[in-house]
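Trainee: Before relying on this structure, I would like to go through it piece by piece. Can we start with a single residue and then move to the helix packing?

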Amino acid sequence: PEIKEYERTSTTVVNAYVTPIVSSYLRALRKGLDRAGVPARLLLMQSNGGLTTDTAAAERPIHIIESGPAGGVVGAQALARARGLQKLITFDMGGTTAKASIVEDGEVTRAAEYSVGAGIVIGSRLLTGAGYTLKVPAIDLAEVGAGGGSLVWIDPAGALQVGPQSAGASPGPVCYGKGGDTPTVTDANLLLGYLNPAHLVGGALKLDAEKAHDIFNERIARPLRMPLERAAHGAHLIAASNMIRAIKAVSTERGRDPREFALFAFGGNGPVFACGMAAALGMKRIVVPPSAGLFSSFGLLYADVEHHYSRTFRRLLRQADAHEIARAWDALARQALDQLAVEGFAGAHAKIRRSASLHYHGQTYELTVPLPDGPVDLHYLEEAFGREHEKTYGHRAGADEPVELVAIQAVGLGLHEGTNVPERVRPSRPEPAPPPPRRAYFGAETGWLETPILRRSDLSTARAGPLIVEEYDATCVVPPGATAELDAGGNILIELG
């Protein structure tokens, strides 16, 4: 129930479009669980980073459209709080897409609306008109079409391009040997020595390095009149530059300096690219969590049930009645608490979090700021908005510029008992002995280097790069000039020189 008719209409239409397939899927899943003797409540991740029940998701699937990327950000938030990491930029790269978001002072940032179905998914005031607008709260993330399966090709002007088309899982990259005949980012990384042709998914997927070599040479290196390693490294750098767009979208476009943040890299391909991207952005620290390739699923364990409520409530703050606004917030809070009670959350396990969307009178777009518990303080809201405006845009208006309240929000949180964050994540299978060193290419200036291949546990003491850490679900590349070691929680901490 908020103003802006186009956004409301677009959201309603998309919700109607996806409801039949999501509701039928969830009904089938629930029946399957019941037949298997699993009576547990079925919860799903929402785009906003909270969990919801299967019943609520079937009615309003609009809230789970970006649920996958949200899981990784919530997991990063949980580890950031547990380890005292104040500022993180999350970077999640899989096979087809790369996603970036931000965790600041232990809190994720949320967008009030975002777009899907375009080349880049971003809840941005600076990029509109692409895809389909969804006016529902979501973790503020940017997503670009770049992943391990992204195709490497030469455009009619003779320039090397990467993506956004993908080879998908079938036929996949050339090196998968399933019929793919167009080079991909994975093929480039294999040729550069970053990937072990005998180790992917613990050795279950053997890679055909010779076929990747022949087709990459024929399709890319020869037409560009380049040595094979230079062409493959060029594809790697272009893929990285595409993904840097996503990181800038959640940092510099939000008034945040990425050099003040650590890069939290996960997904099957995130740790391969993380150091190069961090160096290009002037970032000095990279964090690679345990089970990086599966890390988005950890967010499901850390998340709380959340229900978001909002309504338009336009008032100039200096003319507003704080008691009237408080009553409106109380009404939203009652809705949230009633819903939580139905789901079994009450008393200390039910919590309300309030926020407000504001702008300077006459502006079109709003910024959202949190409101602490207790009486509604309009002076606090105005000052908090001014600080957020200055952080985002680099300036704030003078004292005579009125601030307008546009909408109020309340989030009902269903809290778990205790914490779901483990002290340390340990692999369920023993780590195999690392293979012997192999040559890896680190750019024209450095060239090929004999690179040690390590297990994560080998970083109990700091090691200097170059080195490659191979795991069942991900590979981490540490370049020359960087150092890597494990922290108390089993995360790989990489410091760039």
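Mentor: This is a predicted model. Asp-373 lies in the loop between strand E18 (367-371) and helix H10 (378-393).

Trainee: Does Asp-373 count as buried or exposed?
Mentor: The cut-off for exposed is over 50% relative accessible area. The relative accessibility of Asp-373 is 63%, so the residue counts as exposed.

Trainee: Which residues does Asp-373 contact, leaving aside its neighbours within four places in sequence?
Mentor: One partner is 19 residues from Asp-373 in sequence, with a C-alpha to C-alpha distance of 7.8 Å: Arg-354. Contact is judged on heavy atoms within 4.5 Å rather than on C-alpha atoms. On that basis, the contacts of Asp-373 are Ile-352 and Arg-354.

Trainee: How are H3 and H8 oriented to each other?
Mentor: Helix H3 (residues 67-83) packs on helix H8 (residues 295-302) with axes 6 Å apart and an angle of about 70°. Angles of 65 to 115 degrees count as roughly perpendicular. H3 and H8 are therefore roughly perpendicular.

Trainee: What is the handedness of the crossing of H3 with H8, and how do the residues of their contact divide by class?
Mentor: H3 passes H8 in a left-handed crossing. From H3 the contact takes Gly-68, Gly-71, Gly-72, Val-74, Gly-75, Ala-76, Ala-78 and Leu-79, and from H8 it takes Phe-295, Ser-296, Gly-299 and Tyr-302. Gly counts as polar in this scheme. The division is six nonpolar, six polar and no charged.

Trainee: How are H6 and H7 oriented to each other?
Mentor: Helix H6 (residues 228-250) and helix H7 (residues 270-281) have axes 10 Å apart and an angle of about 65°. H6 passes H7 in a right-handed crossing. The two helices, H6 and H7, are therefore roughly perpendicular.

Trainee: How many residues of each class are in the contact of H6 with H7?
Mentor: On the H6 side are His-236, Ala-239, Ala-240, Met-243, Ile-244, Ile-247 and Lys-248, which meet Val-272, Phe-273, Met-277, Ala-280 and Leu-281 of H7. By class, the contact of H6 with H7 has ten nonpolar, one polar and one charged.

Trainee: Over which residues is the pLDDT below 50?
Mentor: For the protein, the mean pLDDT is 88, with 94% of residues at 70 or more. One stretch has 32 contacts in the model beyond near neighbours in sequence, yet its pLDDT is below 50. Where pLDDT is low, the predicted coordinates should not be read in detail. The stretch is residues 121-127.

Methods. Residues numbered from 1 in each chain as written. Predicted model: local features only at pLDDT ≥ 70, side-chain atom pairs only at ≥ 80, totals over all residues. Heavy atoms only, no water. Axes fitted to C-alpha atoms, helices over the stretch in contact; angles between N-to-C directions. Helix = DSSP H or I, 4+ residues; strand = E, 2+ residues; numbered from the N terminus. Parallel < 35°, antiparallel > 145°, perpendicular 65-115°, else oblique. Left-handed = near helix turned anticlockwise from the far one by under 90°. pLDDT = per-residue confidence, 0-100. Buried < 20%, exposed > 50% of the residue type's maximum accessible area, 1.4 Å probe, protein only.
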